[in-house]
Amino acid sequence: MKLSVSPPPFDGAPVVVLIAGLGGGGSYWLPQLAALEQEYQVVSYDQRGTGNNPDTLPEEYTLAQMAGELAQALTAFGITRYCVVGHALGALIGLQLALDTPDALKALVCVNGWLTLNAHTRRCFQIRERLLHAGGAQAWVEAQPLFLYPANWMAARAPRLEAEEALALAHFQGKNNLLRRLNALKKADFSRHAARIACPVHLICSADDLLVPSVCSSELQAALPHSHSVVMRQGGHACNVTEPETFNTLLLNGLASLLHSHEPAL
């Protein structure tokens, strides 16, 4: 698996691995790169079956496989200790890494993640799947902004959304890959395992997230033994894209707090 790895800003800089959501593209994190690269060595990547890592996913693709593929790629690159910042599906991959490779994960930031799939989120995905089956990639891509962005933000950026849709169609991961990744996402359930996660966790969510209600982060935070959370007043599901200045401040402060809390007492 190909990784994009920035040079460390100084010797011994902590490594931060960015994991996108269902779209799988590392470019999702472009609004965060400049801020993070001043303090961290940043790793981003296109998930298996997307972008620069094309592949046909197996029928019973699992979250554990997603986490294992990333862990293997990081080890092959020589990265053995790192923090993870994950959005939605990416947050779930981060939680899985915390369970499967606890010695590697120093800290985790979950953005609009969840403990187990919320009934409202499940309904949203059912509607999106119907759109995909009935209208193909075009319908999926055209509907996607409705679940990602606040209405006022979209209305003010119509040309940008048209350009994003064209790009998304040109790089669409394929119906089968998308459905297999979505199926793995829907099956994920950390309700019986969250208490085993030992690394510190910072949760960021948006109060106006249409796809993943903010209560999902509250439930996740309550289940994690070493966690704290912050709620953005607005920003939608893709709050790191729509409100980058606010989000980046919360992210940088959260990472600094996590790394400090992880240091052993002298």
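Serine 44 is buried, with a relative accessible area of 12%. That value counts as buried because the cut-off is under 20%. The model behind this value is predicted. Serine 44 lies in strand β3, which covers residues 41-44. What does serine 44 touch, leaving aside its neighbours within four places in sequence? Serine 44 is in contact with Leu3, Ser4, Leu18 and Gly26.

**Strand β6 and its partners**

Now take strand β6. Six of its six residues are buried, so β6 is mostly covered, with burial meaning under 20% relative accessible area. Both faces of β6 are covered. On one side sit Val201, Leu203 and Cys205. On the other side sit His202, Ile204 and Ser206. In a regular strand, side chains alternate between the two faces of the sheet.

β6 pairs with β5 and with β7. The table sets out both pairings.

| Strand pair | Sense | Bridges | One pair of opposite residues |
|---|---|---|---|
| β5 and β6 | parallel | four | Val109 and His202 |
| β6 and β7 | parallel | six | Ile204 and Val230 |

Strand β7 spans residues 227-232. The chain crosses from β6 through α8 to β7. This β-α-β crossover is right-handed.

**Helix α8**

Helix α8 is made of residues 215-223. Which of its residues are buried? They are Cys216, Ser217 and Leu220. These residues cover an arc of only 95° around the axis, which puts them on the same side of α8. What covers these buried residues? The cover includes helix α3 (89-100) and the strands β5 (105-111) and β6 (201-206). β6 thus appears twice in this part of the model: the chain runs from β6 into the crossover through α8, and β6 is also among the elements that cover the buried residues of α8.

**The largest pocket**

Rolling a probe the size of a water molecule over the atoms shows where empty space is left. The largest pocket has a volume of about 1200 Å³. It is lined by 47 residues. Which of them lie nearest the centre of the pocket? They are Gly23, Gly25, Ser27, Tyr28 and Gln144.

Several helices help to line this pocket. α1 (30-37), α4 (119-148), α6 (158-170) and α7 (175-187) are the elements that give two or more residues to the lining. Which element gives the most? It is α4, with seven residues.

Definitions and conventions:
Residues numbered from 1 in each chain as written. Predicted model: local features only at pLDDT ≥ 70, side-chain atom pairs only at ≥ 80, totals over all residues. Heavy atoms only, no water. Buried < 20%, exposed > 50% of the residue type's maximum accessible area, 1.4 Å probe, protein only. Arc of directions from axis to C-beta. Contact = heavy atoms within 4.5 Å. Pairing = 2+ DSSP bridges. Right-handed = clockwise from strand over helix to strand, strands pointing away. 1 Å grid on protein atoms, 1.4 Å probe; cavity = no way out; pocket = protein on both sides within 12 Å on 5 of 7 lines; lining within 4 Å. Points joined across faces, edges and corners; volume = space filled by probe spheres on them.
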